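This briefing concerns helix packing and one pocket in a single structure. Please consult the sequence and coordinates shown here while reading.

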Amino acid sequence: YFLFFQCYAVLDIWSHWIHLTASHYAGATSHKQIDLTENPILYYYYTNRTVLFGMCAGNELFFAALYLLRFSEGPDVGGFALFRSTALICAPIMVIKSIISVVQLVAASRNIAIVDSEEHAKARS
């Protein structure tokens with residue numbers, strides 16, 4: 001499990017860092033102010049606060065529930081173990097958030113390459 005958690009943390013940090021870097025290179029004052037119209041997934045993710053909050057909260061709840069499962073199934077709520085139920089309900093959110101992180105990483109990498117190419121073209125002329 002350790003490798004999974006390490007890879008997940010690296011993906012999350014790396015994709016956000018590269019997105020911030022791409023925003024900076026593009027001259028944006030916030031990573032949420034860059035042109036997201038070319039990518040509908042990131043556009044929806046960053047422009048809808050309810051979606052952004054739900055994805056982040058669901059992702060964090062998944063990992064908190066996994067941690068708590070290490071010690072206990074949790075209290076019984078309606079015939080279901082709370083921590084196990086929370087992890088199972090939030091698992092698809094964690095997977096979707098991971099996919100969004102990959103999309104964000106690819107899009108930001110492309111944006112950096114575009115800005116870098118433009119700067120090199122200007123320097124040559």
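Which helices each supply at least two residues of the lining of the second largest pocket? In this predicted model, they are helix H1 (2–25) and H3. The points below describe that pocket and then the packing of H1, H3 and H4.

**The second largest pocket**
- The second largest pocket holds about 210 Å³ of space.
- Its lining consists of Tyr1, Phe4, Phe5, Phe63, Leu66, Tyr67 and Arg70.
- H3 makes the greatest contribution to this lining, with 3 residues.
- By class, 6 residues of the lining are nonpolar, 1 is charged and no polar residue takes part.

**H1 against H3**
- The axes of H1 and H3 lie 14 Å apart, and the packing angle is about 160°.
- Because angles over 145 degrees count as roughly antiparallel, H1 is roughly antiparallel to H3.
- The crossing of H1 with H3 is left-handed.
- Phe4, Phe5 and Tyr8 of H1 meet Asn59, Phe63 and Leu66 of H3.
- This contact of H1 with H3 comprises 5 nonpolar residues, 1 polar residue and no charged residues.
- Phe4 and Phe5 of H1 take part in this contact and also line the second largest pocket; Phe63 and Leu66 likewise belong to the contact and to the pocket lining.

**H3 against H4**
- Helix H3 (residues 49–69) packs on helix H4 (residues 82–124) at an angle of about 130°, and their axes are 7 Å apart.
- This angle makes H3 oblique to H4.
- H3 and H4 cross in a left-handed sense.
- On the H3 side, the contact residues include Gly54, Met55, Asn59, Phe62, Phe63 and Leu66, while those of H4 include Phe83, Arg84, Ala87, Met94, Lys97 and Ile100.
- The contact of H3 with H4 contains 17 nonpolar, 4 polar and 2 charged residues.

**H1 against H4**
- H1 and H4 pack with their axes 8 Å apart and at an angle of about 35°.
- H1 passes H4 in a left-handed crossing.
- Among the H1 residues in this contact are Phe4, Tyr8, Asp12, Trp14, His19 and Tyr25, and among those of H4 are Met94, Lys97, Leu105, Asn111 and Val115.
- The contact of H1 with H4 has 13 nonpolar, 9 polar and 2 charged residues.
- Phe4 and Tyr8 of H1 touch H4 and also meet H3, while Met94 and Lys97 of H4 take part in the contact with H1 and in that with H3.

Key. Residues numbered from 1 in each chain as written. Predicted model: local features only at pLDDT ≥ 70, side-chain atom pairs only at ≥ 80, totals over all residues. Heavy atoms only, no water. Axes fitted to C-alpha atoms, helices over the stretch in contact; angles between N-to-C directions. Helix = DSSP H or I, 4+ residues; strand = E, 2+ residues; numbered from the N terminus. Parallel < 35°, antiparallel > 145°, perpendicular 65-115°, else oblique. Left-handed = near helix turned anticlockwise from the far one by under 90°. Contact = heavy atoms within 4.5 Å. Nonpolar A, V, L, I, M, F, W, Y, C, P; charged D, E, K, R; others polar. 1 Å grid on protein atoms, 1.4 Å probe; cavity = no way out; pocket = protein on both sides within 12 Å on 5 of 7 lines; lining within 4 Å. Points joined across faces, edges and corners; volume = space filled by probe spheres on them.
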